[in-house]
Amino acid sequence: MWIILQKITKNLILAIPMMMFAGFIYGLNFDPAWLKSMIIPFTFLMVYPMMVTLKIKKVFEGGDGKAQLLTQLINFGIVPFVAFGFGIYFFADRPYMALGLLLAGLVPTSGMTISWTGFAKGNMSAAVKMTVVGLVVGSLLTPVFVKWLMGASIEINLLAVFKQIVFIVFLPMVLGFMTQRFLVKRYGQADFQKSVGPKFPPLSTLGVLGIVFVALALKAKTIAAAPEVLLSILVPLLLLYLFNFTLSTLVGKAFLPRGDAIALVYGSVMRNLSIALAIAINAFGAQGSDAALVIAVAYILQVQSAAWYVRFTDRIFGNNQPESPRFACQG
């Protein structure tokens, strides 16, 4: 089972489109209403396993302050506003799709931030720190940004969004940290990092695929009636990721050494779409399925673009330099 999950996790480029297609077919032929009851279990399955291997202590290590500052400036000072602008322009008459684009640009970093930084031979210590900081700060700021930017277009229950953030992020984070402490005490730090911990992140894949399936099943009839809606979603997402990759690359090359620059790119471009998807579906009811559709399509672009960027890393930043710190991949 673990081998199968690991293979699926490494092939999200194929797994997510296949699950989207399966959800679409199911939604056309069956009543998908009952699937809403699976949203909460799938949400927990997405987030909790990632938290078990999260290295929170990395936040308190120094040495890459400039990279951390630049990353969070991009994450919270630039990208959300660009996503909001694209949403208003491309989805002027579909505010919940604009919300989906905003959510896709609001919660930065995931376990894949660390993995892709490792694949590109970047500074993984910096990437771990970016992941923890981005996750916590993004979770706290998301309700505020959504209310501030979208409050005039859609009805937003700020308390309900905060409650979802607590349930989706902070509760799994606490339980994950407790699980990590228990497992380290039982098996030792070395065995946990080598054999026990790595078994958890692939479980998140099941939650991601489940949520994607539900999102497409709920919107299947809408898509079938107006297939051009997928193209209308694809264009602003492509522009958003192109902008983010370009900005992060230029900032990294201008101000940081190679390893930190690569971490900055993946620490700002990789968004936590699992959490964004869970917020869209859990906090906004039936209308949230429009936002979820945008985020589901973003999964495909994010994984594809990250994989291609790894191939061109040496051309962009030069050959690998040995001084960058290395840590075991997660996520």
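Which residues does Lys219 touch, not counting residues up to four places away in sequence? In this predicted model, the partners of Lys219 under that condition are Ser289, Asp290 and Leu293. Lys219 itself lies in helix 11, which covers residues 201-225. Although Lys219 and Ser289 are 70 residues apart along the chain, their C-alpha atoms are separated by 6.8 Å. Lys219 has a relative accessible area of 8%; because buried means under 20%, Lys219 counts as buried.

The discussion now turns to the nonpolar interior. The largest nonpolar core has 100 residues, and those that touch the most other members are Leu99, Leu103, Ile233, Leu237 and Phe284. Helix 15, residues 288-311, supplies the largest share of this core, with 14 residues. Leu103 may be followed individually: leaving aside residues up to four places away in sequence, Leu103 touches Thr142, Val146, Ala276, Ile279, Ala280 and Ile295. There is also a second, separate core of nine residues, and among them are Leu5, Val52, Leu183 and Phe200.

Helix 4 offers a further example. Its 13 residues, 65-77, should span 18 Å at 1.5 Å a residue, and the C-alpha atoms at its ends are 17 Å apart, which agrees with that expectation. Which residues of helix 4 are buried? They are Ala67, Gln68, Leu70, Thr71, Gln72, Ile74, Asn75 and Phe76. The buried residues of helix 4 pack against four other helices: helix 5 (79-90), helix 8 (124-150), helix 12 (228-255) and helix 13 (258-269).

Definitions and conventions: Residues numbered from 1 in each chain as written. Predicted model: local features only at pLDDT ≥ 70, side-chain atom pairs only at ≥ 80, totals over all residues. Heavy atoms only, no water. Helix = DSSP H or I, 4+ residues; strand = E, 2+ residues; numbered from the N terminus. Expected span 1.5 Å × (residues − 1). Buried < 20%, exposed > 50% of the residue type's maximum accessible area, 1.4 Å probe, protein only. Contact = heavy atoms within 4.5 Å. Core = buried A, V, L, I, M, F, W, Y, C linked by side-chain atoms within 4.5 Å.
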